[in-house]
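Trainee: I have the structure open and would like to talk through the ligand surroundings and a pair of helices. Could you take me through them slowly?

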Amino acid sequence: MPIGEMLMRKGALTVSLILLAAGATIGGYAPGAAAQAAKGQAGKADDLRAVQATPQDIAEGKRLADSSCVRCHGANGISTAKGVPHLAGQRPAYLYLELRAYQSHDRGDKAMDGAVNFLSDDALVKVAAYYASLDPPPPDTAAAAKGSSAKLDPVQAGKAAAAGCAGCHGETGVSKTPGTPSLIGLDPKFLMASMKDYKSGKRKNEMMKTMLSALTEADLNNVALYYALQKPARAQTPNPGDKAAGKAAASAACAGCHGDLGVSGNPATPSLAGQDAQYLVAAMRAYRDSSRNDETMKALAAGLDDNGTKLVAAFYAAQEPRAPNVRKPITLAEWAQRCDRCHGTNGNSTDARLPALAAQRVDYMEKVLHAYRMGERRNTTMAAMAAGLTEAEVENLAAHYARQKARAVVFVMPPAR
Ligand code: HEC
Ligand code: HEC
Ligand code: HEC
Ligand code: HEC
């Protein structure tokens, strides 16, 4: 439990002074590293020794760092080498715990093994305290550029890519144009397949082919996701036909695949509920005359005459569409919120045993997130966190934290009473 916390200004940096009671747990969880190390000979009070370092300890730590660490970790703990982390301003107890983990081979790394093998526990405490006392690295502006360019939230990206579709398909995919299908209520897999079929010419429509020609596979995925997440509503187009008369024919011939009320349970079979009536009739005609190729639908369309087709179309157009079973992906901001619970606001950890991520090297963070996921770096908490991340999310989160402003935190032990 922090006994006191105060903020003061030191130059441009905000420095938090956090008083720690020995053996304290901040935030009510047991940090993995601390818990792991505590299993050894030393208790939790020991883990915090680097927090208690005196100015003389720090001076000794600096001598060791200058002779043994700078060639990899850079002058003042700011690394210029790929895969080598910045140490400047990192949290003291965390640094000490990681050094012990290298020494015990709990955390394996060839470069680090050689560096720490022959150091005493005291030396580890001092060098950890020294690096923690340094001003942190500046934010990585290159990572800022990388993160802000391509990798938007996929739903936002889909909306942007679909801007040119709204004129015909409606702002949110609910058609207002007779003959133009609504795009809501359709599974992203079906939307993807039909867009790719237009692009390849398998589904013949020159106008749609042109409309989609500039979109990449990633754009198409985002567009399909965007429409799948829009609120379903019936097409805002006329449906003058008899809405009840087609029900019997639909139940007999179509419900098995398209669902009782036109809501399909199979991603490859489109839902028909609430679809524009004129489009439904045109689609059936296209299957019948083979201008749209699908053997199953060709046979079924041939089984209905013009009047029967109109009645079935009127029945489906009058049904209530439903959203397909797709979950909204977690956005970068939502992920970062989860990570910040342990790593501090914008990656500025206020727990001496938990690493700060702010302004850390982007390549290093990507590397360790992969290592956690593969089990090469062992930590149950981080393995679980990293397992849920896609490759794009790993890159986005690493870039997000690399571009944050790092804040130094000075941890002070309360005086013994
Ligand atoms: C030969 C190059 C090399 C030398 C010398 C070296 N390191 Fe490292 N250090 C690395 C690399 C590479 C990593 C990242 C390894 C990994 O992914 O586990 C690392 C990681 C670390 C970490 C973990 C940081 C984190 O954020 O988890 C600490 C702490 C550390 N080094 C401290 C030191 C200290 C103290 C010294 C000097 C006694 C030292 N290193 C010397 C290359 C080196
Ligand atoms: C000029 C009007 C117009 C524009 C703009 C347009 N579409 Fe279309 N779209 C149509 C019409 C008409 C059809 C029906 C074509 C057919 O019969 O195959 C269609 C069909 C589709 C289908 C097939 C739906 C289904 O149920 O089978 C998809 C998917 C689609 N469009 C997506 C898009 C996307 C994505 C964009 C924007 C990049 C777009 N459209 C722009 C008019 C348009
Ligand atoms: C054996 C399963 C099956 C049955 C039964 C079936 N369909 Fe289909 N239907 C499909 C599949 C699969 C597709 C997608 C084909 C494609 O990619 O063009 C489809 C597509 C359609 C489409 C195009 C929808 C769109 O958004 O482009 C319409 C309209 C349609 N069916 C109407 C009907 C009607 C009306 C009946 C009953 C007379 C029927 N279907 C029976 C499987 C079936
Ligand atoms: C429940 C607490 C918790 C949460 C939530 C959490 N972490 Fe961690 N994280 C830790 C602990 C503890 C460590 C140190 C583990 C070790 O010793 O290897 C760590 C280590 C890391 C490291 C390595 C730091 C270094 O300097 O080597 C990275 C990178 C990281 N976490 C990123 C993330 C990201 C990204 C998220 C969100 C997706 C996240 N963490 C969520 C607790 C957490």
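Mentor: Let us start with what counts as near: a residue is near a molecule if its C-beta atom, placed from the backbone, lies within 6 Å of it. Please also keep in mind that this is a predicted model.

Trainee: Okay, so which residues come nearest to ligand 2?

Mentor: There are 21 residues around ligand 2, and those that come nearest are Cys165, Cys168, Pro181, Asn205 and Met211.

Trainee: And which helices supply at least two residues of that shell?

Mentor: Helix 10 (166-169), helix 11 (188-200) and helix 12 (206-212) each do so, and the largest share, 4 residues, comes from helix 12. By class, the shell around ligand 2 holds 14 nonpolar and 7 polar residues, with no charged ones.

Trainee: What about ligand 1, which residues are closest there?

Mentor: Ligand 1 is surrounded by 22 residues, of which Cys69, Cys72, Asp109, Ala111 and Ala115 are the closest. Two or more residues of this shell come from each of helix 4 (70-73), helix 5 (92-103) and helix 6 (110-116), with helix 6 giving the most, 4 residues. The classes here are 14 nonpolar, 4 polar and 4 charged.

Trainee: Switching topic, how do helix 20 and helix 21 cross?

Mentor: The axes of helix 20 (residues 362-374) and helix 21 (residues 380-387) come within 8 Å and cross at roughly 100°, which means that helix 20 is roughly perpendicular to helix 21.

Trainee: Which residues meet there?

Mentor: From helix 20, Leu369, Tyr372 and Arg373 meet Met382, Ala383, Ala386 and Ala387 of helix 21, and this contact has 6 nonpolar residues, no polar ones and 1 charged.

Definitions and conventions. Residues numbered from 1 in each chain as written. Chains lettered and ligands numbered in written order. Predicted model: local features only at pLDDT ≥ 70, side-chain atom pairs only at ≥ 80, totals over all residues. Nonpolar A, V, L, I, M, F, W, Y, C, P; charged D, E, K, R; others polar. Axes fitted to C-alpha atoms, helices over the stretch in contact; angles between N-to-C directions. Parallel < 35°, antiparallel > 145°, perpendicular 65-115°, else oblique. Contact = placed C-beta atoms within 7 Å.
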